[in-house]
Amino acid sequence: MINGQHISVIIPVLNEELSITSVIRDIPDQVDRILVVDNGSIDRTREKSLAAGAEVICETRRGYGSACLAGIKAAGPTDIIAFMDGDYSDYPEDLDLVLRPVAEGCPDLVIGCRELLPEGKPAMPRHQMWGNRISCFLIGILHGVRYRDLGPMRAIQRSSLEKLNMQDTDFGWTAEMQIKAFRMGLQVQEVPVRYRQRTGQSKISGTIKGSIMAGCKILYWTLRLILTSRKTNSAPSHS
């Protein structure tokens, strides 16, 4: 807990037996529940997650968004919900940087903005890095809000998350959340977090098909939400 608020972290996974133990081990002690949502792994991801002390939820409907939605349902009563990947590309220790502003009652949503590797090189593949930049640029042009990243590490008040009525079951999850948060007038903050090359091959950026599908879903939500009404809000703040 932080400031008396119960915290749950949701980790969607698909065949992450090489990394999931390290991810769970490095999560800060302030997190009350660790929910690993297995999206159809055929390796030992489930067994290793349980052995490391996490709860495991099985979601047979494939898709990153489907896993996140299953985790939200399983989380039950909790004050803050955080999301992060299970491939060890995020630094779990940095979750505290993302959680603390939400727990202190200022922003509704905090997004971890991925930084360069210590040696100054990008941790993401070049096409993923440019895809992320272009997506943020399009969101800015079409919605009037400047985001620096659509990173997976994020934390949000449970009450605010419920207002968003999240629907995407696939790769457009992060874009949908950030666009809806802005248009509904939620307070959004981006904080810098570390990022490194993932363990194993990415299901999205590691394949041409995955990259194209992710780009299409992000574009879909960027265009679809133009038609929704927008409440008065403030742009994301940067730390």
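How many of the eleven residues of helix α7 are buried? Eleven of the eleven are, so this helix, residues 173-183, is largely enclosed by the rest of the structure. The views below start from the whole protein, a predicted model, and then come back to α7 and other spots.

**View 1. The whole protein has eight helices and eight strands.** Have a look around before zooming in. Of the 239 residues in the protein, 55% are buried. The accessible surface comes to about 10900 Å², and carbon and sulfur atoms account for 55% of that. If you count contacts with a separation of 6 or more, 78% of them are between residues 24 or more positions apart.

**View 2. Helix α7 is buried along with its charged residues.** The list of buried residues here includes Trp173, Met177 and Phe182, but also Glu176, Lys180 and Arg183. Two of these, Glu176 and Lys180, form a salt bridge, with their closest N and O atoms 2.7 Å apart. Both partners sit in α7, four residues apart, or about one turn of the helix. An α-helix has 3.6 residues a turn, so residues three or four places apart point the same way. Glu176 has 0% relative accessibility, so it counts as buried. Lys180, at 9% relative accessible area, is buried too. After the helix comes Gly185, with a positive phi near 85°.

**View 3. Strands β5 and β7 run parallel.** Six bridges join β5 (residues 109-114) to β7 in the parallel sense. One place to look is Leu109, whose bridge partner in β7 is Val188. Strand β7 covers residues 188-193 and is mostly covered itself, with five of its six residues buried.

**View 4. The largest nonpolar core holds 32 residues.** In soluble globular proteins, nonpolar side chains tend to be buried together. Here, the residues with the most contacts inside the core are Phe83, Tyr147, Leu161, Leu164, Trp173 and Met177. Several elements give two or more residues to this core: β2 (33-38), α3 (64-75), β4 (80-83), β5, α5 (126-143), α6 (158-164) and α7. Zoom in on Leu161: leaving out residues up to four places away in sequence, it touches Ile72, Ile81, Phe83, Ile156, Met166 and Met177. There is also a second, separate core of 27 residues, with Val9, Val13, Tyr88 and Val102 among them.

**View 5. Helix α4 has buried residues covered by several strands.** The buried residues in α4 are Leu95, Val98, Leu99, Pro101, Val102 and Ala103. Their cover includes β1 (7-13), β4, β5, β6 (154-157) and β7. Gly105 follows this helix, and its phi is positive, near 85°.

**View 6. Pro92 is tucked into the loop between β4 and α4 (95-103).** With 0% relative accessibility, Pro92 counts as buried. Setting aside neighbours within four places in sequence, Pro92 is in contact with Val23, Asp26, Ile27, Pro28, Met84, Met153 and Arg196. Pro92 and Ser22 are 70 residues apart in sequence, yet their C-alpha atoms are 8.9 Å apart in space.

**View 7. Arg194 and Asp94 form a salt bridge.** The count for the protein comes to ten salt bridges. In this one, the closest N and O atoms are 3.0 Å apart. The pair links distant parts of the chain, 100 residues apart: Arg194 is in the loop between β7 and α8, and Asp94 is in the loop between β4 and α4. Arg194 is partly exposed, with a relative accessible area of 40%, while Asp94 counts as buried at 6% relative accessibility. Another salt bridge to find is Arg25 with Asp26, where the closest N and O atoms are 2.9 Å apart. Arg25 is exposed, at 55% relative accessible area, and Asp26 counts as buried, at 16% relative accessibility.

**View 8. A nonpolar patch of about 700 Å² lies on the surface.** It is made by Ile134, Phe137, Leu138, Ile141, Leu142, Leu219, Leu223 and Ile226. Helices α5 and α8 (208-224) each supply at least two of the patch residues, and the largest share, five residues, comes from α5. Look for Leu223 in helix α8. Leu223 is partly exposed, with a relative accessible area of 44%.

Terms used
Residues numbered from 1 in each chain as written. Predicted model: local features only at pLDDT ≥ 70, side-chain atom pairs only at ≥ 80, totals over all residues. Heavy atoms only, no water. Buried < 20%, exposed > 50% of the residue type's maximum accessible area, 1.4 Å probe, protein only. Pairing = 2+ DSSP bridges. Core = buried A, V, L, I, M, F, W, Y, C linked by side-chain atoms within 4.5 Å. Contact = heavy atoms within 4.5 Å. Patch = residues over 30% accessible without salt bridge, like charges linked within 9 Å, V, L, I, M, F, W, Y side chains within 5 Å. Areas by Shrake-Rupley, 256 points an atom, 1.4 Å probe, with all protein chains shown as cover. Salt bridge = Lys/Arg side-chain N within 4 Å of Asp/Glu carboxyl O.
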